[in-house]
Structures are given as structure tokens and as C-alpha cells.
Amino acid sequence: MKARWHLPRPLIESLVTIFIGLTAGALLMGAFGYSPLRAYQALFIGAFGTPADVLETIAFATPLMLTALTFSVGIRAGLFNIGAEGQMYLGAIGTTFVAGMVSLPPGIHIAAATASGMLFGAAWAMIPALLKVWRGVHEVISTIMANWIAFHLSTYLAINFLGDPTRADRTVPALPTARYPVLTEDATLTAVIFVAIAFCAAIYLYLWGTRAGYELRLGGENPDAARYAGVNANRVILLSFVIGGLAAGLAGASQIIGRPPAWSLYATLGNVATLGFDGIGVALVGRNHPLGGILAAFLFGALAHGGRLMEYQAGVLSELVRALNGIIVVTLAVPEVWAMLRRRRIR
Amino acid sequence: MVGREIVPRVSRSSRPPGDPVLIVRNLQVANDQGALAVKGISFEVRAGEIFGIAGVEGNGQSELVQALAGLRPIRSGEISLNGAEIKHLTPLDLYRLGGAHIPEDRLRFGLALNFDLAENSILSRQREPAFSTRMGRLNWNAILSYARQLVERFNVLAPGLHTPVRSLSGGNQQRLLVGRELSKEPVLVIAVHPTRGLDIASTVYIRELLVQMRDEGKGVLLVSADLDEVLEISDRIAVMYEGQFIGSGKVEELSREEIGLMMGGITPKGRDESALASSPTSD
Amino acid sequence: MTPLALAAVGECVNEKAGVVNIGLEGIFMITSVTGVWTAEVFGNGAMGLLGGALAGAVLGFALGVISVYGRADQIIAGMGLNIFALGFVPFLLISLWAFPGIHIFPNELMVPRWITPFGQVSPVTVFAVLVAFLAHLLLHRTVLGFRIRAVGERPEAVDVAGLRVDHLRLLTSTLGGALAGIGGAFLPLGWFGAVVKEISAGRGFIALACVVFAGLEPLLALGAAMLFGFADGFASAVAVTPGVKERIPFYFVSMIPYVTTLVVVALVIGQRRFPRTIGRPYARE
């Protein structure tokens, strides 16, 4: 192997999968009579065309790095926690309540609203966690069911308890004291991005720098060896769901008190919906690493933000971006792709 | 059996054993299907001796060891380790009371393949104050210097301390595992198939280490399907057959043929079961 | 109940062979669209079901290839299919019918129901029940069924016996996909009368819950599908019942199927045994 191949392998693999995803997307667009070239051009310009667009891309990345963290911490503990979606809904509800209905001094208000969202998210994550510990219910089923229950519960709460009397379509807006400062007038990026990055970094330090983190990763890596090492499997399950719930809750909070112009939750949950599922692809591209997730989130943030211009200019529905996400996830699931690439390289 | 004739013998001085470090009485253990796999076994391992359990695999040895290591519940019977009577043994109890466990399947129980060498060097020791603070922070400086020490002392060949254990050879994986367990300063070492699948150099080295532990006054419980290994380094031998000890005795008193027959379930006539010294067979 | 039963029975057979398809939700979503599209092209609802079956078979086959030859992590691959469907279905809806999020097709395309003395019943429902019994017989009374079960428990033995592990697994995952595809097409063509982008609403996962509940036995899966299908129908019924609908918020009624699923799965799980090699690719040693 020559020296130029010495980029870290995970990075190469992630880039190749994204390339495969984009190619598949181009084929899909071509099949339905759209111009892939125009679409991707618009996508790219939309995401990076101006400094304001770059900032907007980062704003889109903020919740994604957190919902990706939910999935990553689950995978690190050997669990398939796809409940970020519902945990995030409840996080948004918890934040809306404290931010919109409670008056607190500036500074404390932001912290309280954020913490409330995170706690709501963690509390919702306890449902699948406890079902797993007590009854051995597989988390794929329990988290999805919890997501749908959370959807209906959150819609109900948003309309009946948190509704804005002046606008039927959304909840009361966060009070100005609970809003994260907007960083620039040109984009919806707020200081909540720093909280998100700090949280990811803190979880990274926790997983690799503490005994509990070591035991969590050991439980996911080799459950038998974990037992041999005296690790309590139930503790690992609970811990990973709590961390995941906190992250998803923070993602929900970030969209309420860290994202102008609405500063509130839509009654349809439209401004948070699907961010939890999108996190799965982000986590996998980020190699289920909290810091890799941050990088991958910027990439998916670019797809999400650029997708809007793509829809406007090339007529391709921006939701196609989610289909690309799915193809990327499937590609990452197949180890033989990498085996093939390696064989090719050696030849 | 790879190189039965070639593996150099490990020399073993005769030496009087001390007090028992492990006492097992009427132990019954079930297998995964719920059937009794260990049917009332009693024995002792004393300080300064190697007690070998021979037998064809699948006669309850795995279940016996897993029960002793806290990895499998006990149906009935008593275990006393280093003077402490234990009802519900957990792995942490074993280590706390001075037990070390070289498990039967190093890839399943003993190591985490995608963890790096340093991380594997504290597997099962992660709670010791030397490696993590009371607040639960890992002391990476201590872990790395300990891992480096293990690598040097036990001749583990590895590119670096951050190499995933997956990419080490089987022999080096086992050296790391054995080194980690023996460096716990144990009073009792439970070693299961400690040299299975290893190259000759590693095999001899690990056998020497076990004899050295014995000579330092530690008790060693050796379970192996390799009869040569059991004969070579054990002081006393029991043969396990269908969940019970079918026969036992001092190594000098048992011939290879006798043991071979017993492994097949054939009890030699005329042998007095009292040769079991202080440990009666099942009742 | 019908889509749940079809998908769950197919998945029982598939999991018996050691392959897990967690992408049932995605198959439901995509085949609901392809089903309606085929029905419109041929002007016939029954053809729509066939269109759904075909698309489902293709998706099941694709996942099978990825699992068997790609040696993929089947849970992640299946989840990838679900995420793909989440984006692909809205894209399809707007590309095919130029209207976002929903498409209402002519009522004539609905699959006709049989009128019986006990009420209306869809032939597809009868078919689903039949399929469950056939699957039971297949698994427990035929050589092929024996081989399918063997391939989940001891693929190495099947391999040594000279049978193709890969072919058997591809067969079951294609079959499972096709059955789920009929179920997906049934959602609009036999039930709702329209396709919407979130048409499946978690039913693919409820079908998986049926499989877990049933411990991979098709007849039990049919029973579970009836139970969960009843919860689904009950919710729809309560939602429009005068006197009740004013008192219980619609949102809580909508939760009934999901809560039922969670509770039932929590109650029965733990006693179920799954094939030894479930979810794991087979490779010769």
C-alpha cells in the first residue's frame, strides 16, 4: 500500500458510502426524469454557497449530532436504541413548558428549559430501558412503539396544555429569557450549537475516560467478557438509555429555544419530526463515535439545508435526501463492500 | 494433539502442599438446558499444589469452572474460597478473595477483541483503585504503564499498547490474558485449557508460569482436555466423567492408561477411593 | 389485521431460516405506493395487490442478497430500508402523482369484499388466514419446511448435507417480502382508500412484535395479528363513536395499538426461543 492511502480507514469508508448514496440518488432522480446534475449543483450551492448558508448548515447539524449520539451510545452498549425520535418529542415538550410557561431570571431560564427537555427525554427513554431490564423486550420494538405513543402524547400536550392562544398551529413561544442568543442575523444558528458540541464531547470523555463508560462499552463489545469482568448488564442498559434520552431531549430542546424564528413547537411536531431517525444514519457514518457524529452531522446538515434549494431549483423533493440517508445506512451495514474495496486496492 | 512428542517437559520440584485455598462440597450445577451437569462434586485445592481435572470435554468441566468463577449459578453445595464461605458467588467476589480465572474460551470470556491491548489489560481489574479513582475516572497513566509492564514481563508481542487485541496472534492474546490474571497476585488460579491452540513456545511458557505459581505457594486448579498437560504439571489429578469424579489420586499413583480408561467411564477395579486424600467423592 | 398477519407469517418463516427483516415497515410503505400505481395502470385493484407482492419480493430479495452474500448486519440493513422508505415514498408520491404527501385513487380500484351472512370480508383476509395455515404445514409437515428450520438452527449441517444455505435463505426472505408486499398494497387498496406518506404508522414493527409474540409459529402469529389488528380497529372505531369521542381525546385513542403491542409483548416475552443462528450470516469455517 502506498502512503497516500494513509487517511484513516473509517474516514475513507464513510466518504465512499456517501459517494455511493449520492450515486444511487442520481440514478433515482434520473429514473424519474429529473436532472441529477442540476439537483446536486443546487444542493451544493444551497448548503455552502454563501457564508450564511454554511452557518445554516451548521444549524441543521445541531440536532442531528445529538440524535446520532443517542443511537451511538446505544450501539456502544450493544443496544439498538431507535427511540431518539420519541425521546426528542418529549424533550421538546419539556422545554416548551419551562421556556414558555414559567418565568425565571435570564441565564437560569435557559439552563432550566434545557435541563427540563433533557430530563423529559431521559424519562421517556426509561420505558424501553425498564421493559428490557424487567421483561427482556427487544428495544427495536419497544422504542418504535414508544415513538408512536410519544407522537400522539406530545401532539395532545402541545395542543391542549401548551397551545398558543393566538395561533392554533403552534405552542406558546419561548420567553425571550429562555432563548439561546442568535449568533448572526443571516442564519438560524444560535449558541445552542456550543451546548450540543460540549455535550457530545462530554459523552466522549465519559465513555473513554471513566470506569462506567469502560463497562458500558465492554457490555456492548462482548457481553460474556463483561460478565467475567463483573459488569452489571442491567446497569449498562439503563445507563445507555439515560444518556441517549438526555441527548435526544437536548436535540428537542435545541429546536425550541435554539432555533428562530418559531421559538416554539408546531402542533404537528413538524419542526422536530424525523430528526431522530435521521440521527441513525448520522451515527453510522460517524462510526458510532460521539466526535465522528459531530462531523457526520455537518455533512447531513448540508444535505438537509442544501435539499431546500434543490427542491426549489431542480424540483426534486427535499425528502429524497432521506432516501439517500437510507441507502448510506444499508451500504454501511454490508462489510463485504469494504472487503471488496480492500481486495481491489491490494491488487 | 500438535507436537505431543516435541513439547519440552516442564520440570516440577516436589514440595509439600499447604492449607486448602478452595474447598468444594457436594457441588451441583445445571447446564444451559437445565439438566444437572455437575452432580455433587467435592474436592480441595491447597496452597502450593496443582490440582488437575482431566476428562473428555463435555463431562461438566465447563459448568464446574463457570460455577467456581461466579459465571453460573449453583444449584446446591458449598464453596469456600480462601477461608470465606460463599453462597452466591459473583466474578467480583472471586477476584476480591484472591481468585484469578483463565477462562476456557479466551475470545468469549477473557478478552474484548475490538478493545485495545491497554483496555484488555485491565479487563476484570477495572474497579481496582490502582486503575480508577473513587469518583470513577480511569487512570490512564497507571493503565498504560501497567499494560507496558505486562507486555514486557510476559513477552507479549504487539505493535503497541493501542493495538486492538483482535490483531494479535492467539499465543500473544493468551500471554496477555494469562499475564493479566497471574499479575493479580492471586491465592488461587483457575486455569482452563490454558495452552489450547497455542504455539510450542507459548505452551511451554504458560505451563512454566503455572508451575511457578505453585512453587510460590499458590493453589492452581487446572482443567484441561490435554492429558499430557494434566499429567505433566499436576500434583493431584481427578478424572471427571458425566458430572462426577470417577477417580482421583496423586499423579505418581496413576498411570496414563488408568486415567485414559477412567476418561472413558471405566473405573479400575481394586482402587480404593480413599486415595482421594481429604476429598471424598460424591455421596 | 390482514397486513399484519401476512407480514408476520412471512417473517416467521424467514426468521426460522435465520434471517431477520426489520425493514417490514419500509416494505409496507413502498408497496402501498407501488400497489396503487399498478392498480391504476391496470385499472384493477387485484392487480395492485400483485404489484405490491412483486415490489415486496424485490425488496425482500434485495435484503436477502445483502444479508446472505453481503454478510450484512441485518438489523442495520433493515433499518436502512425503513429510512430509505421514509424519504423515497414522499418522493414517489410527488413524482408519480404530482401532489405532496397524499394520493386518493378512484374508489373502483378498491379490492372488492365478499358479502357473507356475518358481514363483509375481504378475500385478502381469507387469503392471509390460509397463508398462515399453509406456512404452518410448510414448516412442520414438509421436507422444505424441515430444511428451512434446519438452516436457522444448524446451517453447517445443512451445508454438509449438500443443500444450499444461501438459496434457502434467499427463498424465505423473498417470500417474506412478497407477503409483506401484499399487506402493504392492501393498506390503501383494501382499507384506507388512499396512500399517504406515513400510511404504515409503525405497523411494520407491530408485525415484528407479532413474530416475537408467536415465537416464530405462523398460527400464533396469526392470532397475534388478530389481537393487534383488533386493537387497531378498536381505536378507529372508538375514535368515531359518539359519546366516547367527546370524552377521550383522539390522541389517546390513537395510542391504543402501540400500547397494546408493548404490553402484550412485555407479558409473553422471555418464554420464546429463537433459532440459534438468527440474524447471523453463514460462512463456512
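**The A–C interface and unusual backbone geometry**

In this predicted model, 40 residues of chain A are in contact with 40 residues of chain C. Contact requires the C-beta atoms of two residues, placed from the backbone, to lie within 7 Å. On the side of chain A that touches chain C, at least two residues each come from helix 5 (108–135), helix 6 (139–160), helix 11 (275–285), helix 13 (320–333) and helix 14 (335–346). Helices (H or I, at least four residues) and strands (E, at least two) are DSSP runs, numbered from the N terminus. This side of chain A comprises 27 nonpolar, 9 polar and 4 charged residues. Here Ala, Val, Leu, Ile, Met, Phe, Trp, Tyr, Cys and Pro count as nonpolar, Asp, Glu, Lys and Arg as charged, and the others, Gly among them, as polar.

Residues are numbered from 1 along each chain as its sequence is written, and chains are lettered from A in the order in which they are written. Local features need pLDDT of at least 70, side-chain atom pairs count only at pLDDT 80 or more, and totals for chains, interfaces and linings use all residues.

Most residues other than glycine have a negative phi, and most peptide bonds are trans. The bond from Pro260(A) to Pro261(A) is cis, with omega near 5°. Pro261(A) sits in the loop between helix 10 (233–257) and helix 11 of chain A.

Glu185(B) has a positive phi, near 55°. Its loop joins helix 6 (170–182) and strand 7 (188–192) of chain B. Glu185(B) counts as exposed because it has 9 C-beta neighbours inside 10 Å; the exposed class holds residues with 12 or fewer other C-beta atoms, placed from the backbone, within 10 Å of their own, against 20 or more for buried and partly exposed in between.

Phi of Ala98(C) is also positive, near 55°. Ala98(C) lies between helix 4 (74–97) and strand 1 (102–104) of chain C, in a loop. With 8 C-beta neighbours inside 10 Å, Ala98(C) is likewise exposed.
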